[in-house]
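Trainee: I've just been handed this model and want a quick tour. Can you walk me through it?

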Amino acid sequence: MSNPVREIFRLIKRLAFGDSQLPQQFTVGMRDPQSEVTVWLHGLDKPYDVTSRHVMACVKPLTIGVVFEPEWNFPQNGKGQRLSLRFQERGGNGKLVGEILLEGPGVPAPSPGLLLFGVRGSRNYCLAKPRLWLHQLHLAYLRWRFNNNPEIKITPREAHAMIVFFICPRPVVLVSVVHEGAGNVFPMNLMGPVGEGRFAFSLNSTRHAAPIVGRAGRLAISNVPLAQATLARQLGKNHLKDSIDMTQLPFAARTSPTFGFPVPEFAVRVRELEIEFHERLGSHTFFIARLVDDEPMTAAPEFFYVHGIYQAWRIHNRIAAPA
Ligand SMILES: Cc1cc2nc3c(=O)[nH]c(=O)nc-3n(C[C@H](O)[C@H](O)[C@H](O)COP(=O)(O)O)c2cc1C
């Protein structure tokens, strides 16, 4: 029998959120690089497309890396205060869907043109304001009640900017790492290319996954076909482990070409990376790696995450069908 209190609560939620009540991390299928959303850097002499040149470097404090070209007018003398990332639909009417306001002139990171910025605010145009506020309140309640990363206490400003960050669809990869007889395989999606032949990613500093990657100094990342999204999500628990039994992987594996790390046979693309730099920035450790090998395997829709609030916008604008 259903619990009447729970039923009333469910009804109130339905009235408040309508059809915009979707999982925070909503799974979609796309090809990498995605072509749905463009990210523009505003605040310089003109807007620059940074869709494939930005990355989340840390969650707390929320830090975003952007790769500048030397000829771009670098923000100096406080001019960086006005920089922002605008998230705009690529097709249709090129609607502005969200904006993250970057803080400060940026701190250089050891990769050409890469500057790290804090966040001073965000704007989200996916939903009408009252409904957006209700969602933000509800998400704050969920973070307080069921936070599965309780060591990371993010502010409302950071939480709202994270939602906007995930307006841009983010691919999920499986990381394979082996070091001195121990190994691990886990999913990752805080990552992105940072210029020619370089790739950056960010791993929770208090979890077990980051140290083994740091010690190994190299890793293989496999893009995941949409059909294997459930399996990849289940491997999230491996972030909590030092190592796993690499002879009992829950997928058929082959070895990566250069490092010989076990990667899934189902991988859409396998890249091997050698770490050049890693540093703890706060809740997360930021890694910069050099691309050693890049093997595209098959052409299939891949596992991406978007935020549920953006998915509601996609449904409203008929980019996606209601679930
Ligand atoms: C699909 C997926 C992608 C993830 N990506 C990252 C990541 O990029 N960096 C990170 O530090 N943790 C990442 N995590 C780890 C989660 O934030 C969480 O710490 C981990 O899954 C353990 O929580 P769980 O037992 O509830 O899954 C990811 C988890 C999943 C399932």
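Mentor: Some terms to begin with. Two strands pair if DSSP finds at least two bridges between them. Strands (E, at least two residues) and helices (H or I, at least four) are DSSP runs, numbered from the N terminus. This is a predicted model: local features need pLDDT of at least 70, side-chain atom pairs count only at pLDDT 80 or more, and totals for chains, interfaces and linings use all residues. Residues are numbered from 1 along each chain as its sequence is written, and side-chain values use heavy atoms, with hydrogens and water left out.

Trainee: OK. How many bridges join strand 13 and strand 18?

Mentor: Seven, in the antiparallel sense. One of the residues involved is S202, whose bridge partner in strand 18 is F286.

Trainee: And which sheet has strand 13 and strand 18 in its order?

Mentor: An open sheet of seven strands, ordered 11-10-14-17-18-13-12. The pairing is antiparallel. At the edges are strand 11 (182–188) and strand 12 (191–193), each pairing on one side only. On average, neighbouring strands here are turned by 30° against each other, direction ignored. For angles like that, axes are lines fitted to C-alpha atoms, for helices over the stretch in contact; angles run from 0 to 180 degrees between N-to-C directions.

Trainee: What holds strands together in general?

Mentor: Backbone hydrogen bonds, in either a parallel or an antiparallel arrangement.

Trainee: How many bridges do strand 17 and strand 18 have?

Mentor: Eleven, again antiparallel. Strand 17 covers residues 269–280 and strand 18 covers 284–296. F277 has I288 as its bridge partner in strand 18. R271 stands opposite D294 in that strand.

Trainee: What links strand 17 and strand 18?

Mentor: A hairpin, with three residues between the strands. G282 sits in the turn and has a positive phi of about 160°.

Trainee: Which strands does helix 4 lie across?

Mentor: Strand 10 (173–179), strand 11, strand 13 (198–204), strand 14 (218–223), strand 17 and strand 18. Helix 4 spans residues 209–216 and runs at about 60° to strand 10. Contact means heavy atoms within 4.5 Å.

Trainee: Switching topic. Where is H239?

Mentor: In the loop between helix 5 (229–234) and strand 15 (253–255). H239 counts as buried because its relative accessibility is 16%. The cut-offs: buried is under 20% relative accessible area, exposed is over 50%, and partly exposed is in between, with a 1.4 Å probe and protein chains only.

Trainee: What is H239 in contact with?

Mentor: Leaving aside neighbours within four places in sequence, H239 contacts F186, P187, L203, R207, H208 and A209.

Trainee: Now the other sheet. In what order do strands 3-2-6-7-8-5-4 pair, parallel or antiparallel?

Mentor: Antiparallel, with seven strands in an open sheet. Strand 3 (48–49) and strand 4 (54–58) are at the edges. Each has a single partner strand, so one side of each lacks a neighbour in the sheet.

Trainee: How many residues of strand 4 are buried?

Mentor: Five of the five, so strand 4 is largely enclosed by the rest of the structure. Strand 4 pairs with strand 5 (residues 63–67) in the antiparallel sense over four bridges. H54 stands opposite V66, and C58 has T63 as its bridge partner. The two strands form a hairpin with four residues between them.

Trainee: Which strands does helix 3 touch?

Mentor: Strand 4, strand 5, strand 6 (84–89), strand 7 and strand 8. Helix 3 packs on this sheet, at about 95° to the direction of strand 8. Helix 3 (residues 156–165) is mostly covered, with seven of its ten residues buried. Those are E158, A159, A161, M162, I163, V164 and F165.

Trainee: Last one. Where does G113 lie?

Mentor: In the loop between strand 7 (96–108) and strand 8 (114–124). G113 counts as partly exposed because its relative accessibility is 25%. Neighbours within four places in sequence aside, G113 contacts V66, V67 and F68. L62 is 51 residues from G113 along the chain, and their C-alpha atoms are separated by 20 Å.
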